[in-house]
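Trainee: I'd like to zoom in on one spot in this protein and then see how it fits with the rest. Could you take me through it slowly?

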Amino acid sequence: MEITNLTKDDFIAKVGNFEADPKDWKYIGDKPCLVDFHAPWCGYCKRLNPLLDEMAKEFDGKIYIYKVDVDQEEELETAFNIRTIPTLLLCPVDKPKEQLLGVMGKPELKKLIEDKLL
């Protein structure tokens, strides 16, 4: 699976329309997704990138992995109150969404995906 970079319009089309109901928007995907809010200059983000690439291969067909560049998509950064990067937005199907700091190693990331998304 390829990791997809999202613009605001892509986010609304693939993840959910946060503008229509900012406090209680619904995830619209057919599989769970992980959204990585990042910036190209961020050292922690650079460390997370290869782990996300590995998870994209390992969980191919089971989840979607998306990336949002907060420098390019300031509206999404503001809407999701991103203050620290990388921040991960976890969107399971039919369960509450969750945001958390994305600074972790491969075992923690894999467990997070298995426990929260699958």
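Where does Asp 94 lie?

Mentor: Asp 94 lies in the loop between strand 4 and strand 5. Before we go on, keep in mind that this is a predicted model. Now look at the backbone: phi of Asp 94 is near 60°, a positive value in a residue that isn't glycine. As for its surroundings, Asp 94 counts as exposed, because its relative accessibility is 77% and the cut-off for that label is over 50%.

Let's step out from there. One residue back is Val 93, and its C-alpha atom is separated from that of Pro 32 by 5.4 Å, even though the two are 61 residues apart along the chain. Pro 32 sits in the loop between helix 1 (8-14) and strand 2 (33-38). With a relative accessibility of 10%, Pro 32 falls under the 20% cut-off, so we call it buried. Beyond its neighbours within four places in sequence, Pro 32 is in contact with several residues, among them Cys 91, Pro 92 and Val 93. Others that Pro 32 touches include Tyr 27, Lys 62 and Leu 117.

Now the two strands on either side of our loop. Strand 4 covers residues 87-91, and Thr 87 is part of it. Thr 87 is buried, because its relative accessible area is 8%, under the 20% line. Its side chain reaches the backbone oxygen of Thr 84 at 2.4 Å. If you skip the neighbours within four places in sequence, Thr 87 still contacts Val 35, Asp 36, Phe 37, Ile 82, Gln 99, Leu 100 and Gly 102.

Strand 5 takes in residues 98-101, and Leu 101 lies there. Leu 101 counts as partly exposed, because its relative accessibility is 44%, between the 20% and 50% cut-offs. Leu 101 also joins Tyr 44 and Val 103 in a nonpolar patch on the surface, and together the three have about 280 Å² of accessible area.

Just ahead of strand 4 there are a couple of backbone details to spot. The loop between helix 3 and strand 4 holds Pro 86, and the peptide bond from Ile 85 to Pro 86 is cis, with omega near 0°. That loop also holds Asn 81. Like Asp 94, Asn 81 has a positive phi without being a glycine: about 55° for Asn 81, near 60° for Asp 94.

Next, the charges. Side chains of opposite charge can pair when their charged atoms come close. This structure holds eight salt bridges. In one of them, Lys 67 meets Asp 36, at 2.5 Å from N to O. That pair links distant parts of the chain, with Lys 67 in strand 3 (residues 64-69) and Asp 36 in strand 2, 31 residues apart. Both partners are buried. You've met Asp 36 already, as one of the contacts of Thr 87.

Then there's Lys 8. It forms a salt bridge with Glu 19, and their closest N and O atoms are 2.8 Å apart. Lys 8 is in helix 1 and Glu 19 is in the loop between helix 1 and strand 2, so the bridge ties together parts 11 residues apart in sequence. Glu 75 also forms a salt bridge with Lys 8, with the closest N and O atoms at 3.1 Å. This one spans 67 residues, from helix 1 to Glu 75 in helix 3 (residues 74-79). Put together, Lys 8, Glu 19 and Glu 75 are linked in a network of salt bridges. Lys 8 is buried, with 17% relative accessible area, while Glu 19 at 40% and Glu 75 at 44% are partly exposed.

Finally, zoom all the way out. The protein has four helices and five strands, and from the N terminus they run β-α-β-α-β-α-β-β-α. Find the β-β step in that order, and you'll have strands 4 and 5, with the loop of Asp 94 between them. Of the 118 residues, 45% count as buried. Among contacts between residues at least 6 apart in sequence, 67% join residues at least 24 apart. The radius of gyration is 13 Å, which agrees with the value near 13 Å for a compact globule of 118 residues. Along its principal axes, the C-alpha trace spans about 35 × 30 × 20 Å.

Conventions
Residues are numbered from 1 along each chain as its sequence is written. This is a predicted model: local features need pLDDT of at least 70, side-chain atom pairs count only at pLDDT 80 or more; totals for chains, interfaces and linings use all residues. Side-chain values use heavy atoms; hydrogens and water are left out. Buried means under 20% relative accessible area, exposed over 50%, partly exposed in between (1.4 Å probe, protein chains only). A polar contact is a pair of N or O atoms within 3.5 Å; within protein, one must be able to donate a hydrogen and the other to accept it, and residues adjacent in sequence count only if both atoms are side-chain atoms. Contact means heavy atoms within 4.5 Å. Patches are made of residues with over 30% relative accessible area and no salt bridge: like charges are joined within 9 Å, nonpolar side chains (Val, Leu, Ile, Met, Phe, Trp, Tyr) within 5 Å. Accessible areas come from the Shrake-Rupley method with a 1.4 Å probe; for residues, only the protein chains shown count as cover. A salt bridge is a side-chain nitrogen of Lys or Arg within 4 Å of a carboxyl oxygen of Asp or Glu. The radius of gyration is taken over C-alpha atoms; the globule rule is 2.2 Å times the number of residues to the power 0.38.
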